Structures are given as C-alpha cells and as structure tokens.
Amino acid sequence: EAGDLRGLAEDRATVRLVGTVRSTPLPVGPPPAPEEDPAAARAGPVRFLLAARSVEVVGGTGPAAGPARGAGPRATGAAVEVLAPATAGSLAYGTEVAVVARLAPVGDPARRAVARARAADDPVTRAPPTALLRGTERLRAGLVGTAAAVPGDAGRLLPAVAVGDTRGVGDLDEAMKVSGLAHLTAVSGAHFSLLGGVVRALAARCRVPRRWRWLPVGAVMLGFVALVQPGASVVRAAVMGAVGVLGLVAGRPARSVPALAGAVLVLVVVDPWLARDIGFVLSVVTTAGIALLAGPLARRWSTPAGRGTRATGRSHRVRGRWAAECGRAHRGAPGGGRGTAGSGPGAGRSTAAAIATAVAVPVAAQAVCAPVVLLLSPAVPTYAVLANLAVTPAVAPGTVGGLVAALLAPWWPAAATWCAQAAGAACWWIAAVARTATALPGAQLAWAEGVLGIVLLATASGAALVLALRCRRDVAP
C-alpha cells in the first residue's frame with residue numbers, strides 16, 4: 001500500500017512509474033490465426049507486469065492530482081499492470097523502465113496488481129537486465145529464431161514446450177486447451193525432473209562423487225529458472241526441486257508429498273498472492289494428485305485379474321517372494337543369469353505395470369485439476385486423458401531437444417538447427433494430437449458454472465476414483 005497507488009488509481013491520476021519489468025510483454029487480445037500477418041498481429045497494445053519502485057504524480061483529473069499528492073517521487077513496492085504501445089513488446093524481463101501512464105483501478109482488489117496503467121508513449125529504459133538475464137534472453141531469442149526455420153505447428157510450439165514462450169503459438173493455444181494439453185506449454189515440475197535426471201546422469205558419467213552431484217544439479221536448476229522466467233508454476237517446481245537438492249546433500253531419499261508441502265508453505269508465506277494464481281493452484285493440485293493417486297491407481301490396475309482389493313497387500317507379498325525365488329533360480333541357471341530378454345512372467349508383469357503407470361498419471365492429474373479448470377471455462381475436455389497418453393513419448397524429446405537447441409543457437413547454429421528439427425518432430429506430433437482431439441465430436445463437455453459446477457465435478461471425480469481403487473486405504477500417501 002506504500003505510495004497510495006490505489007488512491008491514485010481511483011483518482012485516475014497521471015503518474016510517472018519507475019520499476020522493473022516482471023513479465024514478458026504479451027499482446028492484448030486473441031492470438032492471430034496462422035494465415036494472418038504476424039507483424040499486423042503485434043500492432044495492438046501489449047500488457048506486462050511492472051514491479052514499481054517509485055511513483056510521482058505528473059497530472060490527473062481528480063482532486064488528488066498534482067501537488068495535493070505531494071511533490072516529488074515516493075517509494076512504493078506495488079505491482080502495476082501496464083498497457084503500452086506495441087513497440088514495448090521488445091522489452092526484456094528484468095529491464096528497469098520509467099513509464100508515464102494514466103492509472104485506473106483494477107476490478108479485483110485482491111489481485112497482485114493494485115492498479116492498471118495505460119501508457120500513451122513507449123516506456124523509457126533506465127537500466128538493462130542483469131548479465132544473467134541478458135544471457136538467458138539471448139538463449140531464448142536464439143531458440144525462437146531457430147524454431148522459426150521449423151515449418152508449421154512444430155516451429156510455433158517448440159519454444160513453448162521447451163521454455164514456456166507462448167508468444168508464437170497463435171491459434172494452436174486454443175486447441176491445446178480444448179484437448180487438455182495446455183500444461184505442456186507451461187514450465188512445470190516435468191521440466192525440472194527431466195533436466196535434473198539428465199544432469200545427474202551426466203555427473204555420474206563424468207565420475208563426479210555422489211556427495212557433490214547436487215552442485216551441478218542446483219546450478220543448472222538456477223540457470224533454468226532464469227531462462228524460463230520465474231512464473232508461478234516455475235517457482236513451485238524450483239522450490240520443490242530445491243527441497244530435493246537438499247535431500248541429496250543430506251543423503252535422504254526423495255519424498256514428493258513432504259517436498260510439495262514444504263514448497264507451498266514457503267511460497268505462500270513469501271508471496272501470498274500465489275494463493276490466488278490459477279497457474280500456481282493447478283501446479284500444486286496436479287502435483288499432489290500424481291504423488292498421492294498415481295501410485296495406487298497403477299498398483300490397482302496392474303493387479304492380476306481375479307484378485308480382490310482386500311488381497312492387494314497379500315498379492316504384492318506373494319509376487320515379491322515369487323520374484324525372489326525366480327531371481328535365485330535364474331542366477332543359478334546355466335549362462336550366469338543372462339537368460340532370454342523380455343521372456344517369462346516377469347516381463348509381462350513389467351509391461352503391465354508400465355502401461356498402468358502411463359494411464360494412471362494423466363487420470364490422477366485430470367481428476368484433481370478438472371474442478372479447478374472450471375474457474376477458467378465451464379467445460380470438461382472429453383479426450384484429455386487419451387490425448388496425454390498419446391503425446392507422452394514426445395514430451396521428453398521435445399523438451400530436451402528444444403533446450404539443447406537453445407544452448408547451441410548462439411555458438412553453433414548448424415547443430416542448433418538439427419536439434420530443433422528433431423525436437424520439432426516431437427512438437428509436430430503434440431500439435432497433431434491437439435488438433436485431432438479438438439476436431440473430434442464432443443471434444444468439450446459443457447458443465448455447470450460457479451460453485452455448483454465445481455462441487456458436482458469434484459464429487460464425480462471422487463466417486464470415480466473410489467470405484468477405481470475400491471479401497472480407501474489405497475489412496476494413502
């Protein structure tokens with residue numbers, strides 16, 4: 001509340017704001033269709049979030065304008081939503097700017113931005129971003145430029161899948177939402193898991209001692225946060241990853257639920273506005289749903305037919321003893337335990353478990369996040385689970401290939417282009433699945449709006465989970 005920006009907004013005062021750009025400027029209005037001219041699409045105003053540091057009244061229409069508000073700039077710490085001319089779209093995250101704009105109140109007083117500012121002229125750059133942010137912006141720009149050489153939806157989707165840059169997605173954004181694949185264009189825990197796994201594997205390959213492997217993992221995660229910019233889901237995943245890194249340092253095993261709980265507790269204390277950020281809420285409930293429900297669902301669906309749920313624990317113990325006996329017999333067999341790859345009951349059970357896990361993850365995620373998505377649109381994506389299953393093999397190649405292309409673009413353009421083409425093939429498949437699912441009949445199921453719709457869908461999802469698990473104890477963490 002310092003600086004009385006709310007009061008200035010109610011008075012429609014014209015002020016000079018000095019602060020730091022805290023979001024990538026995005027065009028106001030619907031994304032352009034692929035046949036439209038991209039330059040013409042960017043002709044409209046852009047919107048970005050400004051973390052204001054000082055405010056000075058330079059004019060206004062209300063009684064508080066001018067000297068009545070006090071001479072000279074005053075300190076503030078408020079966030080302001082700025083609408084600026086299209087030329088401000090080139091502002092980089094972290095740039096310090098001064099902007100003269102007319103303030104207006106926001107509709108919801110509990111939003112992060114305490115006022116809306118409409119600027120008639122371009123913001124004046126006072127200081128560039130830090131060296132780290134300039135370097136990451138160069139990488140992002142290199143990826144966007146390299147992806148531009150990839151034709152069609154693949155090139156438009158590649159920056160979004162790799163680093164969450166959705167500025168060039170266009171009308172494909174709607175198809176991703178209708179098909180239930182929009183989460184692939186937002187950086188989340190999946191990106192950190194993939195990246196952390198690759199770094200740990202490389203560290204092991206380079207014979208880095210186990211107790212020091214947290215150093216490259218932590219450094220890469222920090223650099224990745226700077227590259228993708230700290231949005232709500234990124235911050236949640238980064239803090240949860242930091243808890244995992246601390247576990248590596250202490251030599252403790254990974255525990256998803258305590259790590260998620262610790263991350264959420266820290267974040268909502270440091271930044272209470274995250275509690276009202278739909279992206280943060282979706283990130284948290286989806287992670288919690290996968291951590292709590294995916295395992296029990298996978299175990300339930302991989303249990304051999306004919307065994308009741310009450311015997312689930314006993315069947316697991318029997319299968320464990322059976323596996324141990326087979327392992328001893330296999331090691332004692334001629335050939336030193338090499339055997340025939342992919343043969344025997346164990347291979348069938350492994351395949352069944354892998355399929356059950358692949359199905360359980362999107363089912364768990366969709367069951368818990370669907371009621372929250374109703375806040376955005378009163379409809380349920382009918383083919384979301386099937387679409388997520390179809391794109392699962394393409395997510396890792398598209399993400400890792402895009403990140404490698406971003407790293408190579410400034411130094412080795414030819415190799416970056418090759419990586420972008422390979423990652424673009426994966427992104428083409430994701431886009432094709434999204435458009436196909438959207439074109440199918442009944443792609444979205446209309447649902448009741450408001451609290452009633454949320455309660456009904458949450459009840460339906462809970463009932464479906466109970467029927468799938470058939471036992472309350474199966475949903476224990």
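Here are a few friendly notes on salt bridges, a helix pair and a surface patch in this predicted model.

1. **Salt bridges overall.** The count comes to 14 salt bridges. A good place to start looking is the network that links R47, E81, R111 and R116. Two of the pairs described below, E81 with R47 and E81 with R116, involve residues of this network.

2. **E81 and R47.** In this salt bridge the closest N and O atoms are 3.7 Å apart. The pair links distant parts of the chain, with E81 in strand 5 (residues 79–84) and R47 in strand 3 (residues 46–59), 34 residues apart. As for exposure, E81 has a relative accessible area of 10%, so it is buried, because buried means under 20%. R47 has a relative accessible area of 34% and is therefore partly exposed.

3. **E81 and R116.** E81 also forms a salt bridge with R116, where the closest N and O atoms are 2.8 Å apart. Here too distant parts of the chain are linked: E81 belongs to strand 5 and R116 to strand 7 (residues 113–119), and the two positions lie 35 residues apart in numbering. R116 counts as partly exposed, with 25% relative accessibility.

4. **E96 and R53.** Strand 3 is worth a second look for another salt bridge, between E96 and R53, with the closest N and O atoms 3.3 Å apart. E96 sits in strand 6 (residues 96–104) and R53 in strand 3, so the pair links parts of the chain 43 residues apart. R53 is partly exposed, its relative accessible area being 41%.

5. **Helices 9 and 10.** How do helix 9 and helix 10 pack, and at what angle? Helix 9 (residues 256–270) and helix 10 (residues 278–302) pack at about 165°, with their axes 9 Å apart. That angle makes helix 9 roughly antiparallel to helix 10, because angles over 145 degrees count as roughly antiparallel. The crossing of helix 9 and helix 10 is left-handed.

6. **A nonpolar patch on the surface.** Which residues form the nonpolar patch? They are V198, L202, V400 and V404, and together they have about 270 Å² of accessible area. Helix 6 (189–205) and helix 13 (384–408) each supply at least two residues of the patch. V198, placed in helix 6, counts as partly exposed at 36% relative accessibility.

7. **From the patch to helix 14.** The C-alpha atoms of V404 and A415 are separated by 9.2 Å, and the two residues are 11 apart along the chain. A415 lies in helix 14 (residues 413–439). With 15% relative accessibility, A415 counts as buried.

Note on methods
Residues numbered from 1 in each chain as written. Predicted model: local features only at pLDDT ≥ 70, side-chain atom pairs only at ≥ 80, totals over all residues. Heavy atoms only, no water. Patch = residues over 30% accessible without salt bridge, like charges linked within 9 Å, V, L, I, M, F, W, Y side chains within 5 Å. Areas by Shrake-Rupley, 256 points an atom, 1.4 Å probe, with all protein chains shown as cover. Salt bridge = Lys/Arg side-chain N within 4 Å of Asp/Glu carboxyl O. Helix = DSSP H or I, 4+ residues; strand = E, 2+ residues; numbered from the N terminus. Buried < 20%, exposed > 50% of the residue type's maximum accessible area, 1.4 Å probe, protein only. Axes fitted to C-alpha atoms, helices over the stretch in contact; angles between N-to-C directions. Parallel < 35°, antiparallel > 145°, perpendicular 65-115°, else oblique. Left-handed = near helix turned anticlockwise from the far one by under 90°.
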